[in-house]
Amino acid sequence: MSLSPHTTPSGFLLPSIHSAPPFFTQQPNPATQAIVEEQWIRLLLSYARHRKLFTLRVDDSEDKGGEWDEVLRNERINRRIQSAYLSKLIAKLVEKNVAAYDPPRQTRSVLVYWRLPEEWAETLHQWADSTGQMNTILTFYEITDPPVPSPLSNVPLPLLRTAITILAKTNRAQIIAIPDGEGVRFFPSK
Amino acid sequence: MHRRGVGLAAFDRKDQAKRFAELSSAISQSQISHLNSQLDQFRTALTHFASTHRDKIKSDPSFRHAFQQMCTSIGVDPLAGPRKGGWWAELLGLGDWQYELGVQIVDVCVSTRERNGGLIEMSELIRLVSKLRGVEGGSISEDDVVRSIKTLQPLGAGYKVVDIGGTRMVRSVVKELDEDQTIILAIAQDEGGRVTVEMLIQRKGWLGERARTALEHMLLQDGLCWLDDQDEESGRAYWIPSAMDWGTDDTSFSFT
């Protein structure tokens, strides 16, 4: 049996380690586990980036046909990641600051930071700038669901809020209360 | 009473001894100079050989092998000598070449140790070293690797070529594989990396306990194998990465 990379229907190139049966088992040897964990983390992040997925849940391991299916299971070798192992990996993502529990105070669901909040902040500011929306008040909805698809389309609100908070620290954005909720105003960089 | 040493004859004898000594030193002188001239000739011939074939020795593995064999048969170690790197090595630049290869072998062994537990198949090692050297590096053979590993011995790093079930592997950890582990590795070679307790019982007649102990030891202590707890047949299979066919995909461990 030869292990080889595989391109999924969604066009993602899985590395050959994904076709190795033991990859789907948590390794009892800590040194070995550290290596495969690293592989899983990279794999999850790059897949999230590829599909623009923001949320990963422990339950996704059981969700046959779900949006994470292509990485969490490998039908060709009849393996899938078990929820206990996925839960460990999710904790690892959070520990490495590449994910955050969302909502807070639970550990079964995370926001995956395939772009760091700081990078989202820059993306957001650049988008506002390039679309000529400096100094105007925008609703969160206008950002996450713009008429013209943008890099910010479908960004979860908690992540958007974190990004705006980061911009606010350098006086490049300000959260404003508007009649039906919250809005934001962007300011040019000084 | 006969007294020797007096009279004219005694002068003769002394004179004779002196002449013998002179003669003997003259003969050894001439022998030495003869040897010297032979050595000079040999050296010139070698220099000539080295300068003519240097590039070929470096670039052609089979020629290099023949050259190394010739060295062995005439009792010359191309790397040994009074000078640093050896006299011949200096002429050929072969010493540097060999050490450089040694460094690259260490590089590959160390960087893959995490995934294979310090045991790498010879062909895989050669493939990765060749990749590291790039195209201009010229091709290298098993023989070269074995020689380079020998030059690493004084470092005491424990690099060793071992034969496991007919496959040559390079071990880069100071850790003797015991007999049971060698048998397990040989089975893994045949099975694409997968070994189970049942296989060892059926094929080698081991008791279950012996098989389990050996496999768990490799898994937990040595990190030589990975666990698969979703194995359809036995529920718990052991996979030995150094025996798995990773194809030529190097992205597995460094993709982003």
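Which residue just after α4(A) takes a positive phi? In this predicted model, the residue is A:Gly132, whose phi is about 65°. The exercises below start from that helix and work outward.

**Exercise 1. Check the length of helix α4 of chain A against what its residue count leads one to expect.**

Solution. Begin with the count: α4(A) covers residues 117-130, which is 14 residues. At 1.5 Å a residue, the helix should span 20 Å. Then take the end C-alpha atoms, which lie 20 Å apart, so that the expected and the computed span agree.

**Exercise 2. Determine which residues of α4(A) are buried, and how they are arranged when the helix is seen down its axis.**

Solution. A residue counts as buried if 20 or more other C-beta atoms lie within 10 Å of its own, and in α4(A) this holds for A:Trp120, A:Ala121, A:Leu124, A:His125 and A:Ala128. Seen down the axis of α4(A), these buried residues fall within an arc of 135°, and therefore they line one face of the helix. On the other side of α4(A), the residues A:Gln126 and A:Ser130 are exposed. As a last step, ask what covers the buried residues: the cover includes α6 (157-169) and β10 (181-186) of chain A.

**Exercise 3. Describe the packing of α4(A) against α6(A), and classify the angle between them.**

Solution. Two packed helices are described by the angle between their axes and the distance between the axes. For α4(A) and α6(A), the angle is about 80° and the axes are 8 Å apart. Angles of 65 to 115 degrees count as roughly perpendicular, so α4(A) is roughly perpendicular to α6(A). From α4(A), the contact draws on A:Pro117, A:Glu118, A:Trp120, A:Ala121, A:Leu124 and A:His125, while α6(A) contributes A:Leu159, A:Thr162, A:Ala163, A:Ile166 and A:Leu167. Sorted by class, the contact has eight nonpolar, two polar and one charged residues.

**Exercise 4. Carry out the corresponding analysis for helices α1 and α3 of chain A.**

Solution. Helix α1(A) spans residues 30-51 and helix α3(A) spans residues 83-95; they pack at an angle of about 75°, with their axes 10 Å apart. By the angle, α1(A) and α3(A) are therefore roughly perpendicular to each other. The residues that meet are A:Glu37, A:Trp40, A:Ile41 and A:Leu44 in α1(A) and A:Leu89, A:Lys92 and A:Leu93 in α3(A). In this contact of α1(A) with α3(A), five residues are nonpolar, none are polar and two are charged.

**Exercise 5. Characterise the contact between the two chains, with attention to the side contributed by chain B.**

Solution. Count the participants: chain A supplies 23 residues and chain B supplies 22 residues. On the side of chain B that touches chain A, the elements α4 (94-116), α9 (208-222) and β5 (226-228) each supply at least two residues. Among these, β5(B) gives the most, with three residues. By class, this side of chain B has eight nonpolar, seven polar and seven charged residues.

**Exercise 6. Set out the composition, the burial and the sequence separation of contacts for each chain.**

Solution. Take chain A to begin with: it has six helices and ten strands, and buried residues make up 31% of its 190 residues. Among the contacts in chain A between residues at least 6 apart in sequence, 51% join residues at least 24 apart. Turning to chain B, there are nine helices and six strands, and 29% of its 256 residues are buried. For contacts in chain B between residues at least 6 apart in sequence, the share joining residues at least 24 apart is 52%.

Terms used:
Residues are numbered from 1 along each chain as its sequence is written. Chains are lettered from A and ligands numbered from 1 in the order in which they are written. This is a predicted model: local features need pLDDT of at least 70, side-chain atom pairs count only at pLDDT 80 or more; totals for chains, interfaces and linings use all residues. Helices (H or I, at least four residues) and strands (E, at least two) are DSSP runs, numbered from the N terminus. The expected span of a helix is 1.5 Å times one less than its number of residues. A residue is buried if 20 or more other C-beta atoms lie within 10 Å of its own, exposed if 12 or fewer, and partly exposed in between; C-beta atoms are placed from the backbone. The arc is that of the directions from the helix axis to the C-beta atoms. Two residues are in contact if their C-beta atoms, placed from the backbone, lie within 7 Å. Ala, Val, Leu, Ile, Met, Phe, Trp, Tyr, Cys and Pro count as nonpolar, Asp, Glu, Lys and Arg as charged, and the others, Gly among them, as polar. Axes are lines fitted to C-alpha atoms, for helices over the stretch in contact, and angles run from 0 to 180 degrees between N-to-C directions. Angles under 35 degrees count as roughly parallel, over 145 as roughly antiparallel, 65 to 115 as roughly perpendicular and the rest as oblique.
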